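Biologist: Got a minute to walk through this model with me? I'd like to start with a single residue and work outwards.

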Amino acid sequence: TREFCQNVEPLEQRRERLTVLGEPTMRGRRDLAQHFVVSCFLTAAHGSLAAEAAGVAKELLDAKRGSGFSFADLAADKAGVAFAARILAQKTRCRGLADTFSVADYMPSVAQLPEGIGWDEFVAKYGGEFNPRFQQITQEILDRIHSLPPYRSKSGE
């Protein structure tokens, strides 16, 4: 996304924006905010399926040669996809969102989600992204998201 952002926002405007924003976090973590926002962008630019696939692919790469697979990061990815999809479907209006947005409404708790999982451990515990063990924890993440206020089913929807 760096090249896209540089084309849209000149360096001086970026510096000004970063001065105003500081270091935003979600659930007390800057990396979760980054995952959330990038997933919003990818959803808007390429659709939900592509954004979700990118989130999983990034974590698999981290498991193979990085900081390890993080289900907390994956939760932020999935929450960003859900948020963007809701905005795009006009189920949440952008007008006024800056005044009403609460992290707790759109980003689930990541408590007790495994992180820092190396490749060998990932394969041993979760089998791979299509394994039922992996799918189970992914479903638990989706359940956390769907239990948040904006996503709870309302009568008539």
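Modeller: Sure. The model is predicted. Take V81: its relative accessible area is 4%, so V81 is buried, given that buried means under 20%.

Biologist: Which helix does V81 lie in?

Modeller: V81 sits in helix α5.

Biologist: And what does V81 touch?

Modeller: Leaving out residues up to four places away in sequence, V81 touches S39, T43, S48, A51 and E52.

Biologist: How far is the C-alpha of V81 from that of G55?

Modeller: The separation is 9.7 Å. Along the chain, V81 and G55 are 26 residues apart.

Biologist: Let's go to α3. How many residues does α3 have, and how far does α3 reach?

Modeller: α3 covers residues 30–46, which is 17 residues. From first C-alpha to last, α3 reaches 24 Å. That is close to the 24 Å expected at 1.5 Å a residue.

Biologist: Which residues of α3 are buried?

Modeller: The buried set is L32, A33, H35, F36, S39, C40, L42 and T43. S39 and T43 are also touched by V81.

Biologist: What covers the buried residues of α3?

Modeller: The cover includes α4 (48–65), α5 (71–88) and α7 (103–106).

Biologist: What follows α3?

Modeller: G47 does. Its phi is positive, near 100°.

Biologist: Any other positive phi values worth a look? What about Q90?

Modeller: Q90 has phi near 60°, a positive value in a residue other than glycine. Q90 is in the loop between α5 and α6 (97–100).

Biologist: Buried or exposed, that Q90?

Modeller: Exposed, since its relative accessible area is 53% and the cut-off is over 50%.

Biologist: And Q112? What is its phi, and where is Q112 found?

Modeller: Phi of Q112 is near 65°, again positive and again not in a glycine. Q112 is in the loop between α7 and α8. Q112 is exposed, at 81% relative accessible area.

Biologist: Switching to pockets. How much space lies in the largest pocket?

Modeller: About 1100 Å³. The largest pocket is lined by 27 residues, and C5, R17, L18, Q34 and V37 are the closest to its centre.

Biologist: Which helices supply the lining of the largest pocket?

Modeller: α1 (2–8), α2 (11–21) and α3 each give at least two residues. The largest share is from α3, with 8 residues.

Biologist: How does that lining split by class?

Modeller: The largest pocket is lined by 16 nonpolar, 5 polar and 6 charged residues.

Biologist: And the second largest pocket, what volume?

Modeller: About 220 Å³. Its lining includes V81 again, along with E52, K78 and Y151.

Biologist: Which helix gives the largest share of the lining there?

Modeller: α5, with 5 residues. Both α5 and α9 (132–146) supply at least two. By class, the second largest pocket has 7 nonpolar, 1 polar and 4 charged residues in its lining.

Biologist: On to rings. How many aromatic pairs are there?

Modeller: The count is 13 aromatic pairs. Take F122 and Y126: their ring centres are 5.7 Å apart and their planes are at 40°, so the pair is tilted.

Biologist: Where do F122 and Y126 lie relative to each other in the helix?

Modeller: Both are in helix α8 (residues 119–126), 4 residues apart, so about one helical turn separates them. F122 is buried, at 0% relative accessible area. Y126 is buried too, at 10%.

Modeller: F122 also pairs with F134. That pair is edge-to-face, with 5.8 Å between centres and 75° between planes. F122 is in α8 and F134 is in α9, so the pair ties together parts 12 residues apart in sequence. Both F122 and F134 are buried.

Biologist: Which residues form the aromatic cluster with F122 and F134?

Modeller: F69, F71, W119 and Y126 join F122 and F134 in one cluster.

Biologist: F69, fine. What about D62, which touches F69? Buried or exposed?

Modeller: D62 is buried, because its relative accessibility is 11%. D62 is in helix α4. Besides F69, D62 touches S67 and G68, not counting residues up to four places away in sequence.

Terms used
Residues are numbered from 1 along each chain as its sequence is written. This is a predicted model: local features need pLDDT of at least 70, side-chain atom pairs count only at pLDDT 80 or more; totals for chains, interfaces and linings use all residues. Side-chain values use heavy atoms; hydrogens and water are left out. The expected span of a helix is 1.5 Å times one less than its number of residues. Buried means under 20% relative accessible area, exposed over 50%, partly exposed in between (1.4 Å probe, protein chains only). Contact means heavy atoms within 4.5 Å. On a 1 Å grid over the protein atoms alone, a cavity is a set of points where a 1.4 Å probe fits but cannot get out, and a pocket is an open set with protein on both sides within 12 Å along at least five of seven lines; lining residues have an atom within 4 Å of a point. Grid points are joined across faces, edges and corners, and a volume is the space filled by probe spheres set on the points. Ala, Val, Leu, Ile, Met, Phe, Trp, Tyr, Cys and Pro count as nonpolar, Asp, Glu, Lys and Arg as charged, and the others, Gly among them, as polar. Rings of Phe, Tyr and Trp (its six-membered ring) pair if their centres lie within 6.5 Å; planes under 30 degrees apart count as stacked, over 60 as edge-to-face and the rest as tilted.
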